[in-house]
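Reader: Could you take me through this structure? I would like to start with the overall fold and then turn to individual residues.

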Amino acid sequence: MSKSKVAVIINPISGTGGRPDIARQRAELAATSLEARGVEPQVFVTERAGHARELALSLVNQGVSCVVAWGGDGTINEVASALAFTQTALGIVPSGSGNGLARELGIPFVPQEALGIAVGGADRVIDAGELDGHLFFNIAGIGLDARVAHRFAVNGLVRRGFARYLEITLRELMAFQPQHHTVAVDGEALRMPTLLIAIANSRQYGNGAIIAPEARLDDGQLDVIVIGARSPLRAMLQIPRVFMGQVARVPDVTIRRGATVEIDSAEPVVYHVDGEPFVGGAAICARVRPNALRVRVVEVT
């Protein structure tokens with residue numbers, strides 16, 4: 001497949017406040033950027049949830065060598081899930097609230113630069129995680145961050161961004177009721193009331209919130225961070241440690257690494273994958289999927 005076969009899928013909501021004029025401007029910018037690099041433009045704007053995945057699957061079948069997801073972590077997940085285990089690479093133009101995977105991969109936030117990488121960059125192969133049958137490429141989670149993801153999905157359309165995400169996090173933290181979970185990583189189990197359980201393929205949620213400082217995108221393992229229950233005030237005082245990459249130093253935090261994760265609870269488990277909310281059964285499983293996805297980056301490290 002030729003590297004010049006590049007298509008762009010744009011989420012008209014991500015980072016635009018739902019303004020169609022911004023989505024049109026992005027589509028025009030993508031087309032002109034691709035044309036300037038000798039690529040016949042294929043630019044699509046999504047119309048509904050799941051549309052990005054449908055478009056990406058069709059583009060894979062057409063032999064496109066790189067499909068660019070222009071949006072946040074949810075849009076990237078939709079496109080990447082369609083490209084996983086194929087020879088088609090993922091390109092990223094980050095425009096979400098966190099942009100965790102883009103930051104981890106060193107993708108620039110200037111759209112023209114990111115599109116330039118999609119056309120002329122190198123392919124890096126990374127792992128994926130799978131939780132309850134859903135692929136994720138950055139971070140999945142249970143507990144507080146899953147509750148935040150659910151609330152953000154419902155109330156985040158009018159006003160998005162990091163400030164809104166932080167506001168929802170603090171509100172959910174004040175109302176959060178910890179649950180007991182049994183978490184087994186490669187068969188080694190612990191049971192405790194938890195604030196959250198993060199299952200990380202990458203290091204960070206985004207915006208510098210580093211939940212898994214030692215995680216690597218291509219090490220064939222998942223990092224599991226179990227944060228024990230604590231008071232809202234104590235949790236708020238410890239949040240800066242996450243942005244400093246020091247979550248391992250916070251009391252009542254357990255970090256384990258492995259290929260499989262089993263989580264049992266007394267109630268249906270509320271969880272998220274790359275920020276997209278779901279509800280599972282009382283027992284759910286995660287596993288690493290090594291060498292799952294090609295991503296177009298500046299250089300292979």
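Author: Certainly. This is a predicted model, and its protein chain has 8 helices and 17 strands.

Reader: How compact is the protein chain for its 301 residues?

Author: The protein chain is as compact as a globular protein of that length, because its radius of gyration is 19 Å, close to the 19 Å that the globule rule gives for 301 residues. Along its principal axes, the C-alpha trace spans about 55 × 40 × 35 Å.

Reader: And what percentage of the residues count as buried?

Author: Of the 301 residues, 53% count as buried. The protein chain exposes about 12,700 Å², and carbon and sulfur atoms supply 52% of that area.

Reader: What share of the contacts comes from residues 24 or more positions apart?

Author: Such pairs account for 70% of the contacts in the protein chain with a separation of 6 or more.

Reader: How far apart are the mean positions of the positive and negative charges?

Author: They are 4 Å apart, for 29 positive and 30 negative charges.

Reader: Let us move to the interior. Which residues touch the most other members of the largest nonpolar core?

Author: Val79 and Leu90 do, in a core of 46 residues. Apart from that core lies another, of 23 residues, with Val148, Ala200, Ile225 and Val242 among them. As background, nonpolar side chains in soluble globular proteins tend to be buried together.

Reader: What is Leu90 in contact with, leaving aside its neighbours within four places in sequence?

Author: Leu90 is in contact with Cys66, Val67, Ala69, Ile76, Val79, Ala80, Leu83, Leu293, Arg294, Val295 and Arg296.

Reader: Next, helix H3. How many of its residues are buried?

Author: H3 is mostly covered, with 10 of its 11 residues buried. The buried residues of H3 include Asp73, Asn77, Val79 and Leu83. H3 is followed by Phe85, whose phi is positive, near 65°.

Reader: Is Thr75 buried or exposed?

Author: Thr75, which is found in helix H3 (residues 73-83), is buried, because its relative accessible area of 7% is under the 20% cut-off. Not counting residues up to four places away in sequence, Thr75 touches Asn11, Ala69 and Trp70. Thr75 and Ala49 are 26 residues apart along the chain, and their C-alpha atoms are separated by 9.1 Å.

Reader: Then where is Leu166 found, and what is its relative accessible area?

Author: Leu166 is found in helix H7 (residues 162-175). Its relative accessible area is 32%, so Leu166 is partly exposed. The C-alpha atoms of Leu166 and Val148, 18 residues apart along the chain, are separated by 9.2 Å.

Reader: Now the backbone. What is the phi of Asn99?

Author: Asn99 has a positive phi of about 60°, although it is not a glycine. Asn99 lies in the loop between strand S4 (89-94) and helix H4 (100-105). At 3% relative accessibility, Asn99 counts as buried.

Reader: And Asp132: which loop does it lie in, and what is its phi?

Author: Asp132 lies in the loop between strand S5 (122-131) and strand S6 (134-136). Asp132 also has a positive phi, of about 55°, and is not a glycine.

Reader: How does Asp132 count at 31% relative accessibility?

Author: At that value Asp132 counts as partly exposed, whereas Asn99 counts as buried.

Terms used: Residues numbered from 1 in each chain as written. Predicted model: local features only at pLDDT ≥ 70, side-chain atom pairs only at ≥ 80, totals over all residues. Heavy atoms only, no water. Helix = DSSP H or I, 4+ residues; strand = E, 2+ residues; numbered from the N terminus. Rg over C-alpha atoms; globule rule 2.2 N^0.38 Å. Buried < 20%, exposed > 50% of the residue type's maximum accessible area, 1.4 Å probe, protein only. Contact = heavy atoms within 4.5 Å. Areas by Shrake-Rupley, 256 points an atom, 1.4 Å probe, with all protein chains shown as cover. Lys, Arg positive; Asp, Glu negative; His and termini not counted. Charge placed at Lys NZ, Arg CZ, Asp CG, Glu CD. Core = buried A, V, L, I, M, F, W, Y, C linked by side-chain atoms within 4.5 Å.
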